[in-house]
Amino acid sequence: MIKTVGVIGAGTMGNGIAQVFAQSGFSVTLVDVAPAMLDRAKTTIEKSLAKFVEKGKLTAADRDAAIGRLSIATSVDQLADADYVVEAIVENADTKRGLFAQLDAITKPDVILASNTSSISITLLGAATRRPDRVLGMHFMNPVPLMTLVEMIRGQATSDETMRIASELCTRLGKTPIEAADYPGFIANRILMPMINEAIFAVMEGVGTPEAIDAVMKLGMNHPMGPLTLADFIGLDVCLAILNVLHDGIGDPKYRPCPLLRRMVAAGHLGRKSGQGFYSY
Ligand SMILES: NC(=O)c1ccc[n+]([C@@H]2O[C@H](COP(=O)([O-])OP(=O)(O)OC[C@H]3O[C@@H](n4cnc5c(N)ncnc54)[C@H](O)[C@@H]3O)[C@@H](O)[C@H]2O)c1
């Protein structure tokens with residue numbers, strides 16, 4: 001019976017994941033190495049829950065109960081009693097592998113370890129543990145409290161039982177699980193990132209301004225948000241990391257990250273979270 005959930009990484013995704021678990025009745029421990037991120041996450045969660053209350057989608061009592069089920073920690077050692085873990089730290093294979101090895105040592109042996117990775121091989125993460133059958137990808141979408149899809153990635157060794165338990169959990173969160181195989185970028189980013197990358201090439205080559213490119217895709221293709229607005233929302237560092245995984249993993253030059261993207265990330269222009277990307281915030 002899953003009652004207590006550990007979420008690691010309190011950034012863009014981790015705070016949303018912690019929120020939906022807490023809203024769905026689970027006790028949640030949100031872990032981050034950076035105390036400032038934990039403070040920011042608490043504020044973000046409180047604001048998001050307040051919006052649900054304003055819109056009449058959540059009662060004030062349920063909001064208070066959700067906040068009451070949430071605790072924070074700066075070390076994964078606090079997850080010894082967790083029944084389920086979702087990792088949402090930086091998109092770096094070595095860092096994630098190190099964390100999975102640590103989680104394997106700390107958590108109960110039957111606990112499922114899920115990664116929110118956008119592109120990194122689940123098989124590789126599972127191989128850092130002694131329980132690769134209990135490792136899978138649970139790729140939530142941003143913003144997590146609003147988006148219903150969870151892409152479920154089955155690693156080479158992930159068991160049917162693990163996929164079943166994780167899918168049931170998604171349903172309890174009010175989300176829709178869709179299975180994808182363990183190839184670079186899975187389904188979502190295999191298709192989304194080349195479009196975002198192409199939009200960045202179009203900016204670099206002067207095909208159009210960011211405003212013009214976004215307007216064409218919104219008004220002409222009926223996308224709810226232009227690709228450059230979306231890139232800023234995702235985080236340009238995250239986009240670059242995903243494109244590197246696609247490029248390295250598939251080996252096709254068409255996935256080469258745009259040099260302008262590299263330059264913006266090097267300058268610390270990471271999009272919305274840094275205040276500057278294709279737009280200013
Ligand atoms: N941003 C998106 O739209 C999006 C969407 C789906 C999936 N993802 C994936 O989710 C994961 C997190 O992305 P994000 O955008 O939330 O990143 P982020 O940069 O906003 O947050 C990452 C957090 O992880 C923390 N962290 C780093 N190393 C840690 C460690 N060893 N232990 C504990 N905490 C650590 C950082 O302090 C930071 O708070 C990535 O794998 C990313 O690919 C992102």
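In what sense do β1 and β2 pair, and over how many bridges? The two strands pair in the parallel sense, over five bridges. Here, strands are DSSP runs of E with at least two residues, helices are runs of H or I with at least four residues, and both are numbered from the N terminus. Two strands count as paired if DSSP finds at least two bridges between them. The model is predicted, so local features need pLDDT of at least 70 and side-chain atom pairs count only at pLDDT 80 or more, while totals for chains, interfaces and linings use all residues. Residues are numbered from 1 along each chain as its sequence is written, and side-chain values use heavy atoms, with hydrogens and water left out.

A good place to begin is the sheet as a whole. It is open and mixed in its pairing, with eight strands in the order β3-β2-β1-β4-β5-β6-β7-β8. At the edges stand β3 (70–73) and β8 (176–181); each has a single partner strand, so one side of each is left without a neighbour in the sheet. From one strand to the next, the twist averages 25 degrees (axes are lines fitted to C-alpha atoms, for helices over the stretch in contact, and angles between N-to-C directions run from 0 to 180 degrees).

Strand β1 has partners on the two sides given by the strand order. Towards β2, Thr4 has Ser27 as its bridge partner. Towards β4, four bridges join the parallel strands, and Val7 is partnered with Val86. Further along, β2 (residues 27–31) pairs with β3 in the parallel sense over four bridges, Thr29 being matched with Ser71.

Helices join this picture too. Together, β1, helix α1 (residues 12–23) and β2 make a right-handed β-α-β unit; right-handed means that, with the strands pointing away from the viewer, the path from the first strand over the helix to the second runs clockwise. Helix α4 (residues 93–106) lies across β1 (4–8), β4 (84–87), β5 (112–115) and β6 (135–140), and runs at about 165 degrees to β5 (contact means heavy atoms within 4.5 Å). Four of the five residues of β1 are buried, that is, under 20% relative accessible area, against over 50% for exposed and in between for partly exposed (1.4 Å probe, protein chains only).

Finally, the ligand. An oxygen atom of the ligand lies 2.6 Å from a side-chain N or O atom of Asp32, and a backbone N or O atom of Thr12 is 3.0 Å from a ligand oxygen atom.

Definitions and conventions. A polar contact is a pair of N or O atoms within 3.5 Å; within protein, one must be able to donate a hydrogen and the other to accept it, and residues adjacent in sequence count only if both atoms are side-chain atoms.
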